[in-house]
Amino acid sequence: MGRRKKGQPLSGWINLDKPVGIGSTKALARVRKFLDAQKAGHAGTLDPLASGILPIALGEATKVIPYIQDADKTYSFTVKWGEATDTEDSEGEIIATSEERPTREQIERALPAFIGEITQIPPKYSAIKIDGQRAYDLARAGEDIEMKSRIVNIYELALLAERGQEAEFRVTCGKGTYVRALARDLALKLGTYGHITALRREAVGHFTLESAISLEILENMHHSAALEEILQPLQAPLDDIPALPLKENEVAKLRNGQSLSFISKGDFARLPQTAANDPVLATLDGIAVALVEIEGPCINPFRVFNQ
C-alpha cells in the first residue's frame, strides 16, 4: 500500500503578487505550506529582484502550466543608463560604463525598432539550458558561454517616464522574451549602456494585478477564507480555449482515457468549430474534465483532470 501524500488535494490557481527579495521557488513553497497543498507549481520564474504576477498552480491545475507559460506577458521596468552589468540587472557587477545619456526624443525614436518580431540574445545569467546545465550556473562558474539568438515577439513597448539618468517603460511580449536583454539592446542602440533596476510583471495571460493577492495578505488570511475567496478554478486561465459541455454519462469514459464518438446529429451539433489539433476544454457543470482534440465525430482526451 502506497504512502498517503501529505497535505490537502486542492486544485486551482492562486494569482500571487510576488514581492521583491525572494525567488519564485521560495514564494511557491510559502504558498504551498500556508494552504497545506499536496502538489503545487508555478507558471513562469521571477527573479528575487522582480515583483508581480506569479501564477501558482495547485493539484490538477499543474497539468495546464505549459499553457500559462506560453501566454503573453506585460512588464513595467526601469532602466539605468550608462552602466552595463554582467547580469544585466542591478544585482550584477559593472562591466562597462558610458557618459552618454539619451533624451526622451531619442528614446521614443528608437522604440519602433524593438516592436514586432525581433532577434534577441538571452542573458548569460538565465535559466536556459546549455548541454543539460543552466546558463546561470555556467556563468557563475566563470565559463565562457555563447548564448544563441532567438526570435521573440514584442507587441507593445512604451516610454512611461524619463529622468535623465534612468527611464521607465512598459512592454507586452510573447513567450521567451527577456526584459533584461531588451533593456541592454535598447541602451546599445541609443549609444550607451544600460541595465534593469526595477522589474514588475503586471500580467500573465488571464492573470493580472487587479485580481492578484500579495504574499503578506495571503499569509495573514484565515486558511478557509483564502480557499473560498482567492482560489481560482483550474480552467480560469483557459477561457480562450473552446469548451465542450458534457453529459454526465460521458465523463467516466474521458476520465479513463477513452474516446467519445458523437455520431448522432444532435451530439455532433454540440461540437465547437476548431482547427485540427486545437485543444478543447471538456466540462461538466462548469468543472474541467479533460483537454481533448476533436477529429470528425471523435473526441480524444490528451490531458485528464481528476478533481
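This is a guided tour of a predicted model, stop by stop, with what to select and what is there.

Residues are numbered from 1 along each chain as its sequence is written, and side-chain values use heavy atoms, with hydrogens and water left out. Because the model is predicted, local features need pLDDT of at least 70 and side-chain atom pairs count only at pLDDT 80 or more, while totals for chains, interfaces and linings use all residues.

**Stop 1: helix H1**

Begin by selecting residues 24-35, which form helix H1; helices (H or I, at least four residues) and strands (E, at least two) are DSSP runs, numbered from the N terminus. At 1.5 Å a residue, the 12 residues of H1 should span 16 Å, and its end C-alpha atoms, at 17 Å apart, agree with that; the expected span is 1.5 Å times one less than the number of residues.

Now show the side chains of Ser-24, Ala-27, Leu-28, Val-31 and Leu-35, which are buried, a word that here means under 20% relative accessible area, with exposed meaning over 50% and partly exposed in between (1.4 Å probe, protein chains only). Looking down the axis of H1, you will find these buried residues within an arc of 100°, so they line one face of the helix; the arc is that of the directions from the helix axis to the C-beta atoms. Thr-25, Lys-26 and Lys-33 are exposed on the other side of H1.

To see what the buried residues of H1 pack against, add strand S1 (12-18), strand S2 (40-42), strand S3 (50-58), helix H6 (215-219) and helix H7 (223-230), where contact means heavy atoms within 4.5 Å. Asp-36 follows H1 and has a positive phi, near 55°.

**Stop 2: strand S4 and its partners**

Next select residues 73-81, strand S4, in which eight of the nine residues are buried. Strand S11 (residues 166-173) runs antiparallel to S4 and is joined to S4 by eight bridges, two strands being counted as paired if DSSP finds at least two bridges between them. In this pairing Lys-73 stands opposite Cys-173 of S11. S4 also pairs in the antiparallel sense with strand S12 (residues 194-204), over nine bridges, and there the bridge partner of Tyr-75 is Arg-201.

**Stop 3: the largest nonpolar core**

Keep S4 in view and select Phe-77, Trp-81, Leu-157, Phe-169 and Val-171, which touch the most other members of the largest nonpolar core, a group of 28 residues. A nonpolar core is a set of buried Ala, Val, Leu, Ile, Met, Phe, Trp, Tyr and Cys residues joined through side-chain atoms within 4.5 Å. At least two residues of this core come from each of S4, helix H3 (104-110), strand S10 (150-162), S11, helix H5 (179-189) and S12, and H5 gives the largest share, five residues.

Centring on Leu-157, and not counting residues up to four places away in sequence, you will find that Leu-157 touches Phe-77, Leu-111, Phe-114, Ile-115, Phe-169, Arg-170, Val-171 and Leu-182. Another core, of 21 residues, lies apart from the largest one, and among its members are Leu-35, Ala-37, Leu-58 and Ile-213.

**Stop 4: aromatic pairs**

The count of aromatic pairs comes to three, where rings of Phe, Tyr and Trp (its six-membered ring) pair if their centres lie within 6.5 Å, and planes under 30 degrees apart count as stacked, over 60 as edge-to-face and the rest as tilted. Select Trp-13 and Phe-207, a tilted pair at 5.4 Å centre to centre with 45° between the planes. Since Trp-13 lies in strand S1 and Phe-207 in strand S13 (residues 207-208), the pair ties together parts that are 194 residues apart in sequence. Both Trp-13 and Phe-207 are buried.

Then move to Trp-81 and Phe-169, an edge-to-face pair with 6.4 Å centre to centre and 90° between the planes. Trp-81 lies in strand S4 and Phe-169 in strand S11, so this pair ties together parts that are 88 residues apart in sequence. Adding Phe-77 to the selection of Trp-81 and Phe-169 shows one aromatic cluster.

**Stop 5: helix H8 and Thr-283**

Finally, select helix H8 (residues 248-255), in which Glu-250, Val-251 and Leu-254 are buried. These residues cover an arc of only 110° around the axis, which puts them on the same side of H8, whereas Glu-248 and Asn-249 are exposed on the other side. The cover over the buried residues of H8 includes strand S16 (260-261), strand S17 (280-284), strand S18 (287-295) and strand S19 (298-304). Just after H8, Gly-257 takes a positive phi of about 80°.

Within strand S17, pick out Thr-283, which counts as buried at 11% relative accessibility. Leaving aside neighbours within four places in sequence, Thr-283 is in contact with Leu-244, Pro-245, Leu-246, Ala-288 and Val-289.
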